[in-house]
Amino acid sequence: MGAKISLEKITKAFIETGSVLEEISLYVKEGEFVSIIGPSGSGKSTIFQCIGGLLLPDNGEMFLGERKINGGTGNIAYMPQQPSLLPWRTVLDNVLLGQELFQKPDKQEAQDWLKKINLSDYENAFPHQLSGGMNQRVAFIRALLSPQSVLLLDEPFSALDEFTRFDMQKWLLSVWEEKRKSVLFITHNIEEAIFLSDRIYLLSPRPAKIVQEISIPFKRPRTDLLLLENEFLQLKRDIYSALKAGGLHESV
Amino acid sequence: MVLLLFFLLWERVTHVKEIPPWLLPAPSVIFKEAIASYPLFFPDIGATLKLAITGLLLGSTIGFLIAMMLHLMPSMRNAFYPLLILSQNVPIIVLAPLLVIWFGFGFLPKLIIIILVCFFPVTIASLDGFSNVPGELKHYMRMSGATAMQMFTKVELPNALPPLLSGVKIAATYSVMGAVISEWLGAEKGIGVFMTLSSSAFRTDRVFIAIFIIVFFSMILYSLIVVIEKKLIKWNAKGGE
C-alpha cells in the first residue's frame, strides 16, 4: 500500500534561529500509527506547521496521496497539546467544529461517538465543566471526526499527569482501533511512542534530522501487560541509546 | 442599605440645620413633590427614554460595525483609530450647539449626540474582544484549515461577545445622561427640559426629582443588559458578571 502522507527532504530555516529542519523525509501509510520522538525544541512542531500549511518549507516536497500539499491548508486533522476547545461551544458543538469548517456536520455520528466514549451526559456541557482528560478526549474525537484522513497529534498528553496520561494512551488506542485513520504523533516520551506506534522516527536535536526509523513489532490490540515484556524494555533501551548517540542529552 | 442610610442622614441634616428647601430639600419633601407633580413630568420621561433607547441601540450597533470594519481591515485601523479618539475629545457641550445649527431642534441632533457618546465604549470593547483570542485556539483553527472568515465568525466574534456587552453596559449608563444633556439645548419635552425649567424657577425639589429619574432609568437599562448578558453568555463561570 502506498504512503498516505509523505515528506521528502523537507528543509526549513528561520532568520532568527537558523536551520531547524534538515532534509526530513518520512511517510505514514494508510491506517498506520507513526510517532516522531525528539527532544524539546528540536523542531517537531515546525514539521507539523509545515504539513498544516502554516509554514512553507524552504526545500522539499510534501504529498497527501499523490497530491502535493506544500503551503496548502486543510489537508490534515489536528489535535494540539492543549485541548483548545472553544469555551462558548458545548461539547457536542466542539466535536462538530472540525467537520463544520468543510461541510455540513453529521450530528448523529458525533452523538454516537460521544456515547461510545461515555461522554453522552456531557453533550450539552461546556468545556470548563469537564476535567482536563475529558476535554482531551473531546479534542481527539473532534480530530477523528474531521473529514481529513490524516491525523496530526502534537504531544496531546504532555499536559496531563502520569496516571491520566496512561489511561489516555490506552483509551486513544481503543478508539483508534475502531476508526483507523493514518496518525502522525509527536512525543518526547519513549514509552508512549512504543506503546502506541507501528513505526517510530527518532529526531536529533536542532537542526532536526531523522536519526533512525524503528518498526514496532507488537501485535494489536495492545494491553498494559506489554509494558513489562522484555522485548518492550529492550526496545526502550535501544531507542534511548540511539537518541543519546544522536546527540541528545538529558531532555528525554 | 448604604443608600437608605444616606437618605436618612440627608433627611436628618436638612431638619437639624434647617436648610431652606430651595437650597437642599429633604428626601421626604422631594418624594411628596414627585407624587404631587407626577402628571407634570410623566410625558417627559417617555420622551427622554425614547431618545436614550434609540440612541443606545443605534450607537451600539454603529460602534460594533465600526469595530468589525477596523478589525477585518487592519489598514483602516491605523487610519481611523486616531479619528475615534478625536471624536471623544471634542466636548459634547461645544458640539451640541453646532449640531443644532446644522440640523435644527428636532430629534436628529439629539440622537447624534447620544450616538457619539454610546458608540465609543462598544467599539473599544469589541476590538479588544476580537484581538484577544487565546493563541492556542487560533493555532488549532489555522492548522485545521479554517479560512479568515471562519476564524472571524467561529472564534473572534463569539470571543468578543462578553467584552462587547460590557461596552454596551457602559454605553447604557451614558445614554440617559446623553439624552438629558441633548435636551438642554432645546426641546419641547424631556427630563432635560423639566430640569432646566425647575432649575431656573429655583424648584430644587424638582431638580432632584429629575436627578432621581435619570439615575433610576440608567440603572434599569443597565440591569436589562445584565439580564441579556446572563442569557447569552453561559459558558464562562467567572466572566460575564
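## A salt bridge between A:Glu177 and A:Arg180

A:Glu177 is partly exposed, with a relative accessibility of 26%. In this predicted model, A:Glu177 pairs with A:Arg180 in a salt bridge, and the closest N and O atoms are 3.7 Å apart. The partner, A:Arg180, is partly exposed as well, at 38% relative accessibility. Both values fall in the partly exposed class because that class lies between 20% and 50% relative accessible area.

## Other salt bridges

Over all chains, the structure holds 20 salt bridges. One of them joins the side chains of A:Lys209 and A:Glu22, with an N to O distance of 3.8 Å. This pair links distant parts of the chain, since the two residues are 187 residues apart. A:Lys209 sits in the loop between β9 (199–203) and β10 (210–215) of chain A, while A:Glu22 belongs to strand β2 (residues 18–29) of chain A. A:Lys209 has a relative accessible area of 40% and is partly exposed. A:Glu22, at 29% relative accessibility, is also partly exposed.

In chain B, a salt bridge connects B:Asp205 and B:Arg203, with 3.2 Å between the closest N and O atoms. The two partners fall into separate exposure classes: B:Asp205 is buried, with a relative accessible area of 10%, whereas B:Arg203 is partly exposed, with a relative accessible area of 28%. B:Asp205 counts as buried because the limit for that class is under 20% relative accessible area. The pair belongs to a network in which salt bridges that share partners join B:Glu33, B:Arg203, B:Asp205 and B:Arg206.

## Two buried residues of chain A

A:Val183 is part of strand β8 (residues 182–187) of chain A. Its relative accessible area is 1%, so A:Val183 is buried. Neighbours within four places in sequence aside, A:Val183 is in contact with A:Val28, A:Glu32, A:Phe33, A:Val34, A:Leu151, A:Leu153 and A:Trp176. From A:Val183 to A:Ala242 there are 59 residues in sequence and 23 Å in space, C-alpha to C-alpha.

A:Ser42 lies in the loop between β3 (33–37) and α1 (44–52) of chain A. At 1% relative accessibility, A:Ser42 is buried. The side chain of A:Ser42 reaches the backbone oxygen of A:Pro39 at 2.8 Å. Apart from neighbours within four places in sequence, the residues in contact with A:Ser42 are A:Val20, A:Leu203, A:Ser204, A:Pro205, A:Arg206 and A:Ala208.

## Chain B as a whole

Chain B contains 10 helices and zero strands. Read from the N terminus, each element in the order is therefore an α element, as the run α-α-α-α-α-α-α-α-α-α shows. The C-alpha atoms of chain B fill a box of roughly 75 × 45 × 30 Å along the principal axes.

Of the 241 residues in chain B, 43% count as buried. The accessible surface of the chain comes to about 13,100 Å², and carbon and sulfur atoms account for 75% of that surface. Contacts within chain B can also be sorted by sequence separation. Among those between residues at least 6 apart in sequence, 73% join residues at least 24 apart.

## Where chain B meets chain A

How many residues of chain B are in contact with chain A? There are 19 on the side of chain B, and they are in contact with 26 residues of chain A. The two chains bury about 2,000 Å² between them, with 70% of this area on carbon and sulfur atoms. In chain B, the residues that lose the most area to chain A are B:Tyr140, B:Met143 and B:Trp235, which together make up 39% of what that side buries.

The count of salt bridges between chain B and chain A is one. A:Glu100 and B:Lys154 form a salt bridge, with their closest N and O atoms 2.7 Å apart. Six residue pairs are in polar contact across the interface. On the side of chain B that touches chain A, α7 (135–143) and α8 (148–184) each supply at least two residues. α7(B) gives the most, with seven residues. By type, the residues on this side of chain B divide into nine nonpolar, six polar and four charged.

How values were computed:
Residues numbered from 1 in each chain as written. Chains lettered and ligands numbered in written order. Predicted model: local features only at pLDDT ≥ 70, side-chain atom pairs only at ≥ 80, totals over all residues. Heavy atoms only, no water. Contact = heavy atoms within 4.5 Å. Buried area = accessible area lost by both parts, 1.4 Å probe. Salt bridge = Lys/Arg side-chain N within 4 Å of Asp/Glu carboxyl O. Polar contact = N/O pair within 3.5 Å; in protein donor to acceptor, adjacent residues only side chain to side chain. Helix = DSSP H or I, 4+ residues; strand = E, 2+ residues; numbered from the N terminus. Nonpolar A, V, L, I, M, F, W, Y, C, P; charged D, E, K, R; others polar. Buried < 20%, exposed > 50% of the residue type's maximum accessible area, 1.4 Å probe, protein only. Areas by Shrake-Rupley, 256 points an atom, 1.4 Å probe, with all protein chains shown as cover.
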